[in-house]
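Okay, thanks everyone, let's get going. I'll put the sequence and the model up, and then we'll walk through a few spots together.

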Amino acid sequence: MKKKSNLPRLMGYAGKYKILTYLSWVLSAASALLGLVPFWYIWRIIHDVLEVSPEFSKAVNITRYGWCAVLFAVLSVIVYIGALMCSHISAFRVAANIRKELMRHIVSLPLGVTERYGSGKLRRVVNTSSSATENYLAHRLPDKAGAIATPIGLLFMLLIFDWRLGLLSLVPVVLGFLIMMKMTGKNMEEKMEEYQNALSDMSNEAVEYVRGVPVVKTFGQTIFSFKRFKASIDNYEKWVIAYTKALRLPMMFYTTAINGVFAFLIAGGILLTRGGVTNGLLLNLIFYIIITPVIGTTLTKIMFMSEDAMIVSDAISRIDEVLGEQPLPEGKNVGEPAEHSITLEHVSYSYGDSNKTGSRKNALDDISMHIEDGQTVALVGASGGGKTTLASLVARFFDPRHGRVMIGNTDIRDIPKEVLMDHVSFVFQNNRLMKASVLDNVRMAKPEASREEVLQALKTAQCMDIIDKLPDGIDTVVGTNGVYLSGGEQQRIGIARAVLKDAPILILDEASAFADPDNEVMIQKALSALAKGETSSGKRAKKTVLMIAHRLSSITDADCIYVLQDGKIAESGTYSGLMAQNGIFTHMWNEYSKAAAWKIAKEANL
């Protein structure tokens, strides 16, 4: 199937407003032609002056010609403003519709896909790529219509007064156009894609670096501790410098060519006046010297339009890349699970990266486990062992490559997405709040919840000390133009969401990992109440809890502990059973105890 060109694709987002885009082209072309009329009146003024010289008082039409030139210049500006108004209305609608479609699609994608892209890259596609289409439709296409009309009008004017000087004026135009084609050809398209890739990578890594600033400050590290961010900056710098050097000579020749029209005209004037200077030749030479700068301006517009066309082409390809990602397939749609046990049967999963042999390395490899309804199970192990991947599969952030995950006796692929989300709560390491009131942030979990239910959820999540110090209580806006909360405080507000949602399955992904000691105590109390089933309505129904833990002291009461190593279950059992095995868990516990004892001793010395 033949792929649509850029313009029909964009017009598909314009709806009924696309007529304004076409109207803007007509108005822009009309504005360009009207803008040439004042030059004709200037020619008339020069003609009259030379005709009556030196008795300039006889040039009685100069004032009238002058006002006519002003009138057409003003009319040209007014028509151009009308063109921009039409193009902007249509362009804003296109950009808005692209963003809406992107966001609707991104929301439908599994979290595994959004994590693979990274929030910085996705945000750049949604904001920057759509903005590129807006600039292209609002400015470049109307300017293109004007840039096409201007040479047509200029060609007529250049040849009608003196075809010899007109042809001389066109020589630098041809040279400039040939150089411009060299700069904006296929090679330029490839370079533009490389530029956007480098910019996108740097933007994505910048977001991740900023998120890691607390860790940098805590451990006194520098930017070099974030090698990927530094590498993305170095890559961008290397590309920009090389690209600038490559275009240095062509750009120099192009600038010389389009500004060298005066040299051709002067040389032509000298040749044409060997038999004597006539008023007609002098008039035309002066007129051509005045009008030819328009040629350079027009060519420069065309060059930038070619560049913007490549930018928008690259933007559309990036938009298509995101829109091409497919949501997880829906299965039999069996409805709600009968109970809330969790079963993994021979589950394997691999990400997109490959090992040195060229085959994908499994993040999880043939995992089987069963969690009874109401049990609390902990996942421990070294970083990269597969803990978060396993928990993400239970929440169906992505599907396993092999095997199946079940809630009750139902494959989660057969449970409707909305139903599954009603039954599973996921508390991340770092919950993020929206720019809204605390009330609205918590209500995201249950939009129909009453104010009293939200307050009870905040109380259960140990948030009342936060609410008491806020100027407007739960109506206080968080973020820009509001108040800022610490990471631990935001985490507790996030837990209040989970309390209000009251889902029977709870997944905790190192929820207190980055909290300060005071907030950690409060978070642990909130998580304990949440796991026991203390809800905003006061009901108590024990939840099925899957907990990823790095603080081993928090999981000693778990019904079962699974130790994951290299994507496999290395050990499993209760705390006492694992300690009796004297294996991996015992080693982890001893190391954890040493670290805790060192921390206590250090604090005591302080």
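So, to start: which residues of helix α16 are buried? Before I answer, a word on what you're looking at: this is a predicted model, where local features need pLDDT of at least 70 and side-chain atom pairs count only at pLDDT 80 or more, while totals for chains, interfaces and linings use all residues. Residues are numbered from 1 along each chain as its sequence is written, and side-chain values use heavy atoms, with hydrogens and water left out.

Right, α16. It covers residues 451-460, and its buried residues are Val454, Ala457, Leu458 and Thr460. Buried here is under 20% relative accessible area, exposed is over 50%, and partly exposed is in between, with a 1.4 Å probe and protein chains only. Helices are DSSP runs of H or I, at least four residues, and strands are runs of E, at least two, numbered from the N terminus. Look down the axis of α16 and the buried residues fall within an arc of 160°, so they line one face of the helix. That arc is taken from the directions from the helix axis to the C-beta atoms. On the face turned away from the buried side you've got the exposed residues Glu452 and Lys459. After the helix comes Gln462, with a positive phi, near 60°.

Now stay with Leu458. It's among the residues with the most contacts inside the largest nonpolar core, along with Ile495, Ile555 and Phe585, and that core has 43 residues. Helix α18, residues 487-501, gives the largest share of this core, 6 residues. By nonpolar core I mean buried Ala, Val, Leu, Ile, Met, Phe, Trp, Tyr and Cys residues joined through side-chain atoms within 4.5 Å. There's also a second, separate core of 32 residues, including Leu344 and Leu564.

What does Leu458 touch, leaving aside neighbours within four places in sequence? Its contacts, meaning heavy atoms within 4.5 Å, include Val438, Met464, Ile474 and Ala496.

Next, Thr343, in strand β1, residues 342-354. Thr343 counts as buried because its relative accessibility is 12%. Its side chain makes a polar contact with the side chain of His370, at 2.8 Å. A polar contact is a pair of N or O atoms within 3.5 Å; within protein, one must be able to donate a hydrogen and the other to accept it, and residues adjacent in sequence count only if both atoms are side-chain atoms.

Last one: Tyr195 sits in helix α7, residues 186-211. Tyr195 touches Tyr236 and Trp239, not counting residues up to four places away in sequence.
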